[in-house]
Amino acid sequence: MTRRHTLLLTFITLLALQACSDGSDNLDGIRAYTTTLYAGAASRSILPTVAGARAYLADAPGWPAQAALDPDNPGVFVAAWDQGRVDVGNGRSDSAWVHDDLRVTALALVFGEQHAILIMADTYSYFSPDIAVMVERARARLPAEWQEAPILVSATHNHHGPDTAFSINDDWFSLMVDEVAFAAEDAVAALQPALLRAGRGEHSYGVDDARDPIIRNPQLNVLALEHRKTGAAIATLVQWTSHPESTLGWHPPAEAAGLEAACAAKGWSGGDCTAEGRYLTADYPGVLRERLQASRGGEVLYFNGPLGNQVGPGRAPTWVVTDAHPVGDGLSVPEGAAPLTECDDRPAYYCRSFAKTESIGSELAKAVERVLDTASTTLVSELSVHTESFYTRLTNIGFRLLIADGDIGWSMPRLYNCDGVPFTDDNCVADGGEFIDDRLLTPLLGSQITKGDVLPTQLSHVDFGDVGMLFMPGELPPELVIGLPEDFATASPEKYYREPHLHAVGADYTIPGHLLSLVDEDLTLTVGLGGDQIGYFVPVSDYRLRCLDLVLPGGNTCADLAARGVIEGADWISGDTCKRITDDAAALTDFGADADSVAAICRYGQALGRELGEPDGHYEETNAAGWDVVDDLWSAAQRLLGN
């Protein structure tokens, strides 16, 4: 939309609001000038059940005010679920405590003939084939006029919900999908005439960037959908950026967890007798939801932003925030501030417990309220959803093995083999679900891999006019969204790096562009893990893949290859090298007798690095689909956004 159109429509809106300023139910004044927006929201619990219900929630501690919170209590103990063993995403097997509710929230929107549904869940992530099942089941419960409506699904990336990625309980997942469908149905039934308010701010408390380069992104974007007449909250949409893992790796004290009795009931012994990673919680997005619902009402949808490459609470201090000890820049502990708790394994301001979770969520809620204090009514001139599908090479052979073993996602993804570049529908052919032997992994692990080595995914944009939402299929680093600082290429390495010797630095760290430079709107909520989860997005210029002697043919060693300058590091090869020999087979001949060794490192470096140790500072590559994803996403974004 052009600025001229925006000014014209704003003027029309002012006239329309004046036409119905008497507060009556008659909206003819507005309809004479513009179409009315309708919004409805609803949420459902997605926790596993006991005897067909969730009565145990009455005993869960939840999120009382900080002063009343027991920071060590992992929640109500549940000996067995109806669905059987439910593992924790990014935690341990066999969840057994519930601290607070996990929910799925749906927002239904109507503008003229345009319909859309946004769905957010307190879970780890969803792969696009699993989202397709959710959409199908939701459509089965929706009226005829909603059958073609776009339904966009994402997750908060909660690290303490039931596993939705690798060790999935089928019965629980199906139950969760049913709750998604019920929430969508309820949201459509709750449609009301609505106004949209939008605002932005900055908030940096309880979060930091843990991978070089350090690009901090404090952006806080908020949309408020409110009843057109009464102003009552229908839904509040919040987009901020931080991994929901504030208690990751924390061991709740044995006494607080009732550990002796719990381990006896579960048959756990030795090192397995622990509550660490076995409790279910929505983390700070759950606190945010409770605080905003208490102050505003309505439903709350929390959208995580570009949190890739370790943007989260791990390196961030937290403290008892008071008027005398405010949030400030979020990273500098005010002099005299009290720590939330004490612990033995780290400095007090970095201790992990539910006190940290509560503090992060409550301060975020206060920041949202401050944004809403000055948020302005936004003219909705359309409700359109555009999706750009694209292909990317699955260079991480570990993903191909997991898919073949049935150990990733709930539904089998469709992979492709492509001939020629760029990958398109014309030169990519589905592999038909075929699996093949791998010369190393099959004899070593007894597993096959997928025949296909190209993955389809997509990028979506929701357009309200001068406000929009961009759904990104994974964990992007902030710089791919907001861009690199102006002085990034010339600044001393210490300004943006903790360990510059481990990474591409300054001008050597290159990205094709940043997404917000492509949008033509005043405010854009950038949604990570939106519509798919294909892992971390690492620019190829900073890719490092592990060299392991066991993959090398002919008795070659990584030490020898490094000494002769064949590979760039003592135990790694660069993504640039791997991309070059993959895109141009002739380039491999430049390595002469070492060509097979170089090809082997590129083939196995991501997957075996995950299992046997990645190059220092380069964990994310082991959980990334491939080294092409950044460039492929950028090309798709240019097509999608008309640039």
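This section describes the nonpolar cores, disulfides and aromatic contacts of the structure. The model is a predicted one.

The largest nonpolar core comprises 43 residues, of which Ile117, Ile119, Tyr126 and Met176 touch the most other members. Two or more residues of this core come from each of the strands β4 (103–111), β5 (114–121) and β6 (151–155) and from each of the helices α3 (128–139) and α4 (170–189). The greatest contribution is that of α4, which supplies 10 residues to this core. When neighbours within four places in sequence are left aside, the contacts of Met176 are Ile46, Tyr126 and Met134. Tyr126 thus appears both as a contact of Met176 and among the residues that touch the most other members of the core. A second core, separate from this one, contains 38 residues, and its members include Tyr124, Ala491, Val519 and Phe537.

Turning to the covalent cross-links, the structure contains 5 disulfides. With the bonded cysteines counted along the chain, the pairing follows the pattern 1-2, 3-4, 5-6, 7-8, 9-10. Three of the bonds, those of Cys263 with Cys273, Cys418 with Cys428 and Cys578 with Cys602, are described here in turn.

In the disulfide between Cys263 and Cys273, the sulfur atoms are 2.0 Å apart. The link is right-handed, with 100 degrees about the S-S bond. Because Cys263 belongs to helix α6 (residues 259–266) and Cys273 to the loop between α6 and β11 (279–280), this pair ties together parts that are 10 residues apart in sequence. The two partners were assigned to separate accessibility classes: Cys263 is buried, at a relative accessible area of 5%, whereas Cys273 is partly exposed, at 26%.

Cys418 and Cys428 are likewise joined by a disulfide, with an S to S distance of 2.0 Å. The torsion about this S-S bond is about 110 degrees, and the disulfide is therefore right-handed. Cys418 is located in strand β16 (residues 416–418) and Cys428 in strand β17 (residues 428–430), so the bond ties together parts that are 10 residues apart in sequence. Cys428 has a relative accessible area of 8% and is buried.

The disulfide of Cys578 and Cys602 has an S to S distance of 2.1 Å. A torsion of about -85 degrees about the S-S bond makes this disulfide left-handed. Distant parts of the chain are linked by the pair, since Cys578 is in helix α14 (residues 575–583) and Cys602 in helix α16 (residues 595–612), 24 residues apart. Cys578 is buried at 0% relative accessibility, and Cys602 is buried at 4%.

Aromatic side chains form a further set of contacts, with 20 aromatic pairs in the structure. In one of these, Trp250 and Phe354 have ring centres 5.4 Å apart and planes at 85 degrees, and the pair is therefore edge-to-face. Trp250 lies in the loop between β10 (233–240) and α5 (254–257), while Phe354 lies in helix α8 (residues 354–374), so the pair ties together parts that are 104 residues apart in sequence. Trp250 is buried, with 9% relative accessibility, and Phe354 is buried, with a relative accessible area of 0%. A second edge-to-face pair is formed by Tyr543 and Trp627, at 6.4 Å centre to centre and with 90 degrees between the planes. This pair also links distant parts of the chain: Tyr543 is in the loop between β22 (523–527) and β23 (544–546), Trp627 is in the loop between α16 and α17 (629–640), and the residues are 84 apart. Both Tyr543 and Trp627 are buried. Trp250 and Phe354, together with Trp63 and Tyr279, make up one aromatic cluster.

Charged side chains are also placed over aromatic rings. The charged end of Arg278 sits over the ring of Trp268, at 3.8 Å from the ring centre. Arg544 lies over the face of Trp572, 3.8 Å from the centre of the ring.

Terms used
Residues are numbered from 1 along each chain as its sequence is written. This is a predicted model: local features need pLDDT of at least 70, side-chain atom pairs count only at pLDDT 80 or more; totals for chains, interfaces and linings use all residues. Side-chain values use heavy atoms; hydrogens and water are left out. A nonpolar core is a set of buried Ala, Val, Leu, Ile, Met, Phe, Trp, Tyr and Cys residues joined through side-chain atoms within 4.5 Å. Buried means under 20% relative accessible area, exposed over 50%, partly exposed in between (1.4 Å probe, protein chains only). Helices (H or I, at least four residues) and strands (E, at least two) are DSSP runs, numbered from the N terminus. Contact means heavy atoms within 4.5 Å. A disulfide is a pair of cysteine sulfur atoms within 2.5 Å. Rings of Phe, Tyr and Trp (its six-membered ring) pair if their centres lie within 6.5 Å; planes under 30 degrees apart count as stacked, over 60 as edge-to-face and the rest as tilted. A charge sits over a ring if NZ of Lys or CZ of Arg is within 6 Å of the ring centre and within 35 degrees of the ring normal.
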